[in-house]
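Please follow the chain in the structure shown here while reading the paragraphs that come after it. They move from one helix to a sheet, then to a loop and to the core.

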Amino acid sequence: MASSFFNLNTADMPCLYADRREKHRSAGSDQNFMQAGERLNMCNLKQMFQAVEIIRKKRDAVELASAEITGMVDGFMAGDIPDYQMSAWLMAIYFRGLSIDETVALTDALVDSGRRLDLSFLGRKVVDKHSTGGVGDKVSLVLGPVIASCGALFGKMSGRGLAHTGGTVDKLESIPGFRTQLSPDEFEAQLRETGICIAGQSEGLVPADMKIYALRDLTGTIESNPLIAASIMSKKIAGGASAVVLDIKVGSGAFFKTIGHASGAAHLMRKIGELRGVNVLPVFTSMEQPLGNAVGNALEVREAVSALRGDGPADLTDVVVALASRLLPLSDLGWDRRRSEQESRRCIESGAALEKFREWISVQGGDTRFIDHPDALPAARHVLSVPANRSGYIAGIDALAVGRAALELGAGRHRKDETIDHSAGVVLCVKTGDRISEGESLASVHSSTEEKCMAAVEALAKSYRISDSEAEPAQVLLD
Ligand code: URA
């Protein structure tokens with residue numbers, strides 16, 4: 001098909017978009033949010049743009065101009081580029097990759113598709129943490145109060161669980177009364193007053209990522225480093241943080257199965273951060289087995305409280321302290337890594353982090369009774385044990401299988417619109433390196449129906465590898 005786009009004077013295209021983007025960027029400096037939606041009305045992408053040519057170029061490994069990338073994103077958001085063309089383009093990117101310049105252009109296009117939070121008026125650095133997603137990952141619930149009790153500002157927009165991985169918003173919603181949907185004003189006010197706010201992604205923030213992510217999920221194009229890097233960094237840039245520690249999960253329960261794949265994405269995210277003024281520090285942690293013992297929303301909140309009491313599973317505490325010791329030096333406290341580690345441990349031991357957690361939950365509308373009375377959290381009607389079918393040492397636990405079992409028990413959702421059972425999940429009784437005798441419990445499964453529990457018992461029994469020889473405890477910090 002002849003392309004009217006390529007017969008146009010293409011030199012005009014970058015200017016057209018660049019001018020508009022410049023307008024939005026400068027608008028953001030004197031208001032808290034940049035309104036970007038109106039630009040979609042200013043151009044008729046259908047006439048100007050032939051998406052098929054852009055798809056062909058990427059298919060043939062030709063580097064795209066930033067205006068072409070912007071045009072794809074804007075056209076998709078305007079409804080001028082249909083799902084099938086966007087899917088084909090994403091698949092071409094999956095196979096051909098994107099250069100750094102292209103990845104940055106994609107990040108910018110995603111950020112500029114919506115509003116952008118500007119927290120600079122707080123006059124302080126706001127630090128953030130992002131996990132690439134895992135099983136039993138309740139780190140934010142512990143790390144946030146640790147950072148805030150040390151005196152730094154911790155502001156984070158979180159997501160819901162997807163597939164076998166959990167999401168912080170779902171975990172927080174298992175706390176009666178807790179509000180995850182805050183307006184930008186509420187987010188900022190709470191951050192200023194209590195030093196911590198974790199909320200669902202503000203409406204209008206990076207809408208293009210939400211729409212494209214949903215398509216990637218259905219078209220097998222999630223596992224692409226440039227797409228992952230642009231998706232994550234667009235949310236961090238739009239969220240207004242000055243510094244982000246990336247908890248990059250590697251292993252069977254993670255997006256990244258190998259450290260090589262994870263390092264490529266980490267490098268891209270650092271580079272995007274460098275170019276867009278966000279200090280990005282990646283930390284690699286293992287997701288070969290679930291983190292901690294609890295997998296499932298209310299179960300994980302309960303375990304987070306134990307960790308804040310200084311009584312949590314060692315691997316969870318190790319990850320929290322490792323991330324805190326890297327994040328606090330990026331705040332405005334002026335601490336080095338050693339001091340940050342000492343102060344984080346001190347805040348847990350003294351109870352300051354738990355008190356900060358109580359304050360945070362209360363300010364965000366949650367009923368704090370569960371902190372001293374865990375029974376105040378949703379509890380499952382049925383709980384079954386998973387017995388070991390032989391004695392030996394735990395040589396490995398398949399995190400993906402545990403995550404899937406929790407999902408089937410009701411702790412997660414297959415589709416975005418599904419409701420979840422906050423009480424459902426799995427509690428591991430033994431982890432890699434532990435000894436077990438035949439008949440002892442490997443784990444317990446929690447659900448509202450006995451049938452789901454029975455299916456999970458069968459699945460979980462297969463997710464444990466038991467060997468006759470002693471096995472080393474798994475290492476959680478990989479770098
Ligand atoms: N998390 C995200 O936010 N985006 C991705 O693409 C993958 C993980």
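In this predicted model, helix α5 is followed by Ala61, whose phi is positive, near 65°. The helix itself covers residues 51-59, and its buried residues are Ala51, Ile54, Ile55 and Lys58. Viewed down the axis of α5, these buried residues fall within an arc of 100°, so they line one face of the helix. What the buried residues of α5 pack against is a pair of helices, α6 (66-78) and α7 (83-96).

A positive phi also comes after helix α13, which is followed by Gly240, with a phi near 85°. Helix α13 takes in residues 225-239, which is 15 residues, and spans 21 Å from its first C-alpha to its last, close to the 21 Å expected at 1.5 Å a residue. As for its surroundings, α13 is mostly covered, with 15 of its 15 residues buried.

These helices belong to a protein that has 21 helices and twelve strands. Of the 479 residues in the protein, 53% are buried. Among the contacts between residues at least 6 apart in sequence, 79% join residues at least 24 apart.

The strands can be approached through an open sheet of five, in which the order is β3-β2-β1-β4-β5 and the pairing is parallel. The edges of this sheet are formed by β3 (196-200) and β5 (279-286), each of which pairs on one side only. From one strand to the next, the twist averages 20°.

Within the sheet, strand β1 (residues 126-131) and strand β2 (residues 153-158) pair in the parallel sense over two bridges, and Val127 stands opposite Phe154 in β2. On going from β2 to β3, one finds five bridges joining the two strands, which run parallel; here Lys156 has Ile198 of β3 as its bridge partner. Is edge strand β3 enclosed or open to its surroundings? Five of the five residues of β3 are buried, so the strand is largely enclosed by the rest of the structure. Helix α9 (residues 139-149) lies across β1, β2, β3 and β4 (243-250), and runs at about 155° to β2.

The loop between β2 and α10 (168-172) holds Gly161. How many other C-beta atoms lie within 10 Å of Gly161? There are 23 of them, and because a residue counts as buried when 20 or more other C-beta atoms lie within 10 Å of its own, Gly161 is buried. If its neighbours within four places in sequence are left aside, Gly161 is in contact with Gly166, Gly167, Asp170, Gly412 and Arg413. Gly161 and Gly133 are 28 residues apart in sequence, while their C-alpha atoms are 8.5 Å apart in space.

The last topic is the nonpolar interior. The largest nonpolar core has 138 residues, of which Ile147 and Val320 touch the most other members. With its neighbours within four places in sequence left aside, Val320 is in contact with Val139, Val142, Leu143, Val146 and Ala307. The reader may wish to return from these contacts to helix α9, residues 139-149, which lies across four strands, β1, β2, β3 and β4.

How values were computed:
Residues are numbered from 1 along each chain as its sequence is written. This is a predicted model: local features need pLDDT of at least 70, side-chain atom pairs count only at pLDDT 80 or more; totals for chains, interfaces and linings use all residues. The expected span of a helix is 1.5 Å times one less than its number of residues. A residue is buried if 20 or more other C-beta atoms lie within 10 Å of its own, exposed if 12 or fewer, and partly exposed in between; C-beta atoms are placed from the backbone. The arc is that of the directions from the helix axis to the C-beta atoms. Two residues are in contact if their C-beta atoms, placed from the backbone, lie within 7 Å. Two strands pair if DSSP finds at least two bridges between them. Axes are lines fitted to C-alpha atoms, for helices over the stretch in contact, and angles run from 0 to 180 degrees between N-to-C directions. A nonpolar core is a set of buried Ala, Val, Leu, Ile, Met, Phe, Trp, Tyr and Cys residues joined through C-beta atoms within 7 Å.
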